[in-house]
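User: I've got this model open and I'd like a close look at one part of its interior. Take your time and walk me outward from there.
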Amino acid sequence: MKRLLLYVAAIMFGSFIGQAQPAVELHDVTAAITDSVRIVPNFAMGDMRSYRATIKTVMEGSSSDFLSMDYHMKVELVDRDHYGMSLTLDNIVCDQSADLNMEQLLELFGTEGVHFYFNRHSLKVDSIDCSNLVKPLTELLIKVSSGIDQAPDEDSTQLLNDDGLDDRFINGMASKLFEGIIQTWADQYGRTYAMGDSRWIETDEDLENTEVEDIDTDIQDENVVVEEFEVSVQWVHQAFAHINEDGTFFYRDTISWESLMLDNWSEHKEASFDAKGWPVEINNTTTMGDATTTIHWQLIEEDD
């Protein structure tokens, strides 16, 4: 059960690669036109934004998955170190074939919402309060466990406890799911781009990949096969960025993965921002072999 939920979260919301940054002089997105720009938020107390986010994954010659929902974000606190923010979800449309109903899972985040702190220095989410989701998520897991894992005469609550799914684990699971949900938004901040056209190559000669075959959670350790190997990878970036005199900003970045171990892997990212650093639109398309995943965020409402 644990593996199922974390796997679903990673597949649906996780970013497929780390974000590479060019080594250029840093400037805020609201700064005057210069040689480069760094994307940082400049939010104000009470700022509100609503986005329609869609995620579509297509497997060549096979099935496709579609997920759409509306994100409602509000700035509830501003100090020198953090933005205190809240997020709720609604209008969820799900076309998933996962064992756990993704729509039910996401609806939990639309009940009371999730509160989090965005660090103004690290430009990362560094604190999440998902305590209000522990009870409804536990109830959902009991319901799913009752339908999948237990025999008719077993007690589902006891089964859940036997699996080690206590409040601490449930809270951690909710936090991981939230990090995946907000990742497309959060990953925009801290990016730095040279103005105009640019090209650079990121290289990792010692990328270690560990592959574990673990199909059945009940199999013994001696039956688990672990293979370790080294892969040389290059990420070739072709980018363009432009900042207007009013502080609005746009970038696009096409990344090609070059390696003997990778076949047809690439990414195309582009996004536009208002003068406060709020995204207006985000488009991410990732191709990995026969699978293509497209993530699209579109601003649908703002209130400053």
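Leaving aside its neighbours within four places in sequence, which residues is Tyr71 in contact with?

Analyst: Quick caveat before we dig in: this is a predicted model. With sequence neighbours within four places left aside, Tyr71 is in contact with Arg49, Ser50, Tyr51 and Ala53, with Leu87, Thr88 and Leu89, and with Ile181 and Trp297.

Now for the setting. Tyr71 is among the residues with the most contacts inside the largest nonpolar core, which has 58 residues. Met73, Met85, Leu87, Leu137, Trp185 and Phe249 are on that list too, and Leu87 is also one of the contacts of Tyr71. Helix α5 (residues 167-186) supplies the largest share of this core, 9 residues.

Next, the strands around this region. Strand β2 (residues 48-59) and strand β13 (residues 291-303) run antiparallel and are joined by 12 bridges. Inside that pairing, Ile55 has Ile295 of β13 as its bridge partner. On top of that, β13 is joined to strand β12 (residues 279-288) by 8 bridges, again antiparallel, and there Asn283 has His296 as its partner in β13. β12 and β13 make a hairpin with 2 residues between them, and Gly289 in that turn has a positive phi of about 65°.

Just before β2 there's a residue worth stopping at. Asp47 sits in the loop between β1 (36-38) and β2, and it counts as buried because its relative accessibility is 0%. The side chain of Asp47 has polar partners there: the side chain of Lys276 makes a polar contact with it at 3.1 Å, and the side chain of Trp278 makes another at 3.2 Å. Leaving aside neighbours within four places in sequence, the contacts of Asp47 are Met73, Lys74, Val75, Lys276, Trp278, Asp303 and Asp304. Met73 ties this back to the core, being on the list of residues with the most contacts inside it.

Then the rings. Counting pairs whose ring centres lie within 6.5 Å, you get 18 aromatic pairs. Tyr193 and Tyr251 are one of these: their planes are at 15° and their centres 4.6 Å apart, so the pair is stacked. In sequence the two are 58 residues apart, with Tyr193 in strand β7 (residues 192-194) and Tyr251 in strand β10 (residues 249-258), which makes this a link between distant parts of the chain. Tyr193 counts as buried because its relative accessibility is 1%, and Tyr251 is buried at 0%. Tyr251 also forms a stacked aromatic pair with Phe273, 6.5 Å centre to centre and 20° between the planes. That second pair joins distant parts of the chain too, from β10 to strand β11 (residues 265-273), with the partners 22 residues apart. Phe273 comes out as buried because its relative accessibility is 2%.

There's a ring cluster as well: ring pairs link Phe43, Tyr83, Phe116, Phe118, Phe178, Trp185, Tyr189 and Trp278. Two familiar names turn up in it. Trp185 is among the residues with the most contacts inside the core, while Trp278 is a polar-contact partner of Asp47.

β10 is worth a look along its length. In a regular strand, side chains alternate between the two faces of the sheet. Here, Phe249, Tyr251, Asp253, Ile255 and Trp257 point to one face and are buried. Phe250, Arg252, Thr254, Ser256 and Glu258 point to the other face and are not buried. Phe249, from the buried face, is another of the residues with the most contacts inside the core. β10 is joined to β11 by 8 bridges, and the two run antiparallel; in β11, Tyr251 has Ala271 as its bridge partner.

A few backbone and cysteine details to finish. Asn91, found in strand β4 (residues 82-95), has a positive phi near 50° despite being a residue other than glycine. Leu123 also has a positive phi in a residue other than glycine, near 55°. Leu123 is in the loop between β5 (114-119) and β6 (125-129) and counts as buried because its relative accessibility is 4%. As for cysteines, the disulfide count is 0. Cys94 counts as partly exposed because its relative accessibility is 22%, whereas Cys130 is buried, with a relative accessible area of 1%.

Conventions: Residues are numbered from 1 along each chain as its sequence is written. This is a predicted model: local features need pLDDT of at least 70, side-chain atom pairs count only at pLDDT 80 or more; totals for chains, interfaces and linings use all residues. Side-chain values use heavy atoms; hydrogens and water are left out. Rings of Phe, Tyr and Trp (its six-membered ring) pair if their centres lie within 6.5 Å; planes under 30 degrees apart count as stacked, over 60 as edge-to-face and the rest as tilted. Helices (H or I, at least four residues) and strands (E, at least two) are DSSP runs, numbered from the N terminus. Buried means under 20% relative accessible area, exposed over 50%, partly exposed in between (1.4 Å probe, protein chains only). Two strands pair if DSSP finds at least two bridges between them. A nonpolar core is a set of buried Ala, Val, Leu, Ile, Met, Phe, Trp, Tyr and Cys residues joined through side-chain atoms within 4.5 Å. Contact means heavy atoms within 4.5 Å. A disulfide is a pair of cysteine sulfur atoms within 2.5 Å. A polar contact is a pair of N or O atoms within 3.5 Å; within protein, one must be able to donate a hydrogen and the other to accept it, and residues adjacent in sequence count only if both atoms are side-chain atoms.
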